[in-house]
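Colleague: I should be grateful for a close look at a single part of this model, namely the salt bridges and the helices that carry them. Please set out the distances and the burial of the residues concerned.

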Amino acid sequence: MTTTTRQERRAKLKAEMAKTAKSGMQADAEGDAWWWPVAAEARHLIDIFRGNGANRASAAALHAHGFYDRATKASKPDGQPACAKGCSLCCTCPVTANAPEIFAVANHVRRTRGKDWNAVLEKMRVADRDTRYRDMSQPHVAPYPCPMLGPQGECTVYEARPSACRALVSSSLQGCQQAFSGKPVPVPRLNMWWSLRAAHVYALEAAMAANNLPTYHYAFIHALRIALEDETAEQRWLNGEDVFASVVRDREEAKEPAQDREARLAKLIAGAMAQE
C-alpha cells in the first residue's frame, strides 16, 4: 500500500474512497487491489465514528453493510445461490456480531416494531434464556430459531442483519438440509460472499481500533437483548463502557495470532489515514 509521497497517498485514498462508495470492491482482488478499498472503507467508517451523532456506531455498521452489498453486486459469484425468500435453515445456528452491528439491529427494531415492542422484547428474553449457554463451537447442534424471524420464516431485520448472516449464502438446499438436521457436515456456502465478509469485518474493526473501541464479536441474541432493553447502551459503548461484558465472545478471534491481528489493523489504519 505504499506510494512515493504523502500527497500521492492522499490522492490515492481519495480516489479509492470515491470508488468504494460507488461500487464496493472485487471479491477476487489481491495485494494492493484488496488493501486499498478496505482501507478506503475504513476511512469512511473512521469519519463516521468521529462525528457527533448519538447513533454513529450503528451508522457505521450500516455504511459497512452498504459497502459489502455493493461489492457482492460488483463481483462475479463462484456459483448459483440456492437461498430463497422464506428459507430460514441457517437462521437456527448461533451468530456473532460486533457492537456496531448489534446496535444497528436494535435501532432497526425500535424504528419498525414500535406497535408490538413488548412482544418483541419478551421474545428476545425467552430466546436469550434458552440459548445463553449453547455451545457455539457446534452450530448445528440443538438449533434454535432466531427471535428476529417472522411468522413466514422471513428476517424482520433484513436491512440491518449482521455480516455473518449476509455472508452465509448456500450453493445447495439439500446440503443445508443435511447440515442443519444435526449431521456433522459443513454448510455448502459460496466463497464470494464469505471472502467479501472479511473485507467488511476488517474495515469495521480498523475503524473501531482507530477510535480505541473494542473490536470483539459477541453472541448475537444475548447482546441484542441488552441493546434492546437499554436505549443508552450505544452511547455508553461509544463512551468506552463495555456494555456487553457479560456476553460470550466469538472464539474464532483466538485463531488469528495476536501479532498478525495487530499488524493487519495497523496496516489498514495507516492506509485509511494516508500514512506510510
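Modeller: What follows goes through two helices and their charged residues, and ends with the cysteines. The model is a predicted one, and the values below are computed from it.

The structure holds 15 salt bridges. Several of the residues concerned are joined to one another: R125, D128, R132, R225 and E229 are linked in a network of salt bridges. Within this network, D128 has two partners that can be described in detail. With R132, the side chain of D128 forms a salt bridge at 2.7 Å, N to O. With R225, the closest N and O atoms of the salt bridge are 2.6 Å apart. Because R225 belongs to helix 9 and D128 to helix 5, this second pair ties together parts that are 97 residues apart in sequence.

The burial of these three residues can be stated against the cut-off of 20% relative accessible area, under which a residue is buried. D128 has a relative accessibility of 1% and therefore counts as buried. R225 has a relative accessible area of 17% and is buried. R132, by contrast, is at 28% relative accessibility and counts as partly exposed.

The surroundings of R225 are those of helix 9, which covers residues 220–229. Nine of the ten residues of helix 9 are buried, so this helix is largely enclosed by the rest of the structure. The buried residues are F220, I221, H222, A223, L224, R225, I226, A227 and L228. They pack against strand 1 (96–98), helix 4 (99–112), helix 5 (117–131), strand 2 (217–219) and helix 10 (233–238). Helix 5, the element that contains D128, is thus among the packing partners of helix 9.

A second charged site involves helix 8, which runs over residues 191–210. Helix 8 has 20 residues and spans 29 Å from its first C-alpha to its last, close to the 28 Å expected at 1.5 Å a residue. Of its 20 residues, 14 are buried, so helix 8 is likewise largely enclosed by the rest of the structure. After helix 8 comes N212, which has a positive phi, near 60°.

E205 lies in helix 8 and is buried, with a relative accessible area of 3%. Leaving aside neighbours within four places in sequence, the contacts of E205 are T215, H217, R261, R264 and L265. Two arginines in this list also have polar interactions with E205. The side chains of E205 and R261 are joined by a polar contact of 3.4 Å. With R264, E205 forms a salt bridge in which the closest N and O atoms are 3.4 Å apart. Since E205 lies in helix 8 and R264 in helix 11 (residues 258–272), the salt bridge ties together parts that are 59 residues apart in sequence. R264 has a relative accessibility of 8% and counts as buried.

The cysteines complete the account. A disulfide requires two cysteine sulfur atoms within 2.5 Å, and by this rule the count is zero. The sulfur of C90 is 4.3 Å from that of C91, the closest cysteine sulfur, which is too far for a bond. For C155 the closest cysteine sulfur is also in C91, at 6.4 Å, again too far for a bond. C90, at 23% relative accessibility, counts as partly exposed, and C155, at 30%, counts as partly exposed as well.

How values were computed
Residues are numbered from 1 along each chain as its sequence is written. This is a predicted model: local features need pLDDT of at least 70, side-chain atom pairs count only at pLDDT 80 or more; totals for chains, interfaces and linings use all residues. Side-chain values use heavy atoms; hydrogens and water are left out. Helices (H or I, at least four residues) and strands (E, at least two) are DSSP runs, numbered from the N terminus. The expected span of a helix is 1.5 Å times one less than its number of residues. Buried means under 20% relative accessible area, exposed over 50%, partly exposed in between (1.4 Å probe, protein chains only). Contact means heavy atoms within 4.5 Å. A polar contact is a pair of N or O atoms within 3.5 Å; within protein, one must be able to donate a hydrogen and the other to accept it, and residues adjacent in sequence count only if both atoms are side-chain atoms. A salt bridge is a side-chain nitrogen of Lys or Arg within 4 Å of a carboxyl oxygen of Asp or Glu.
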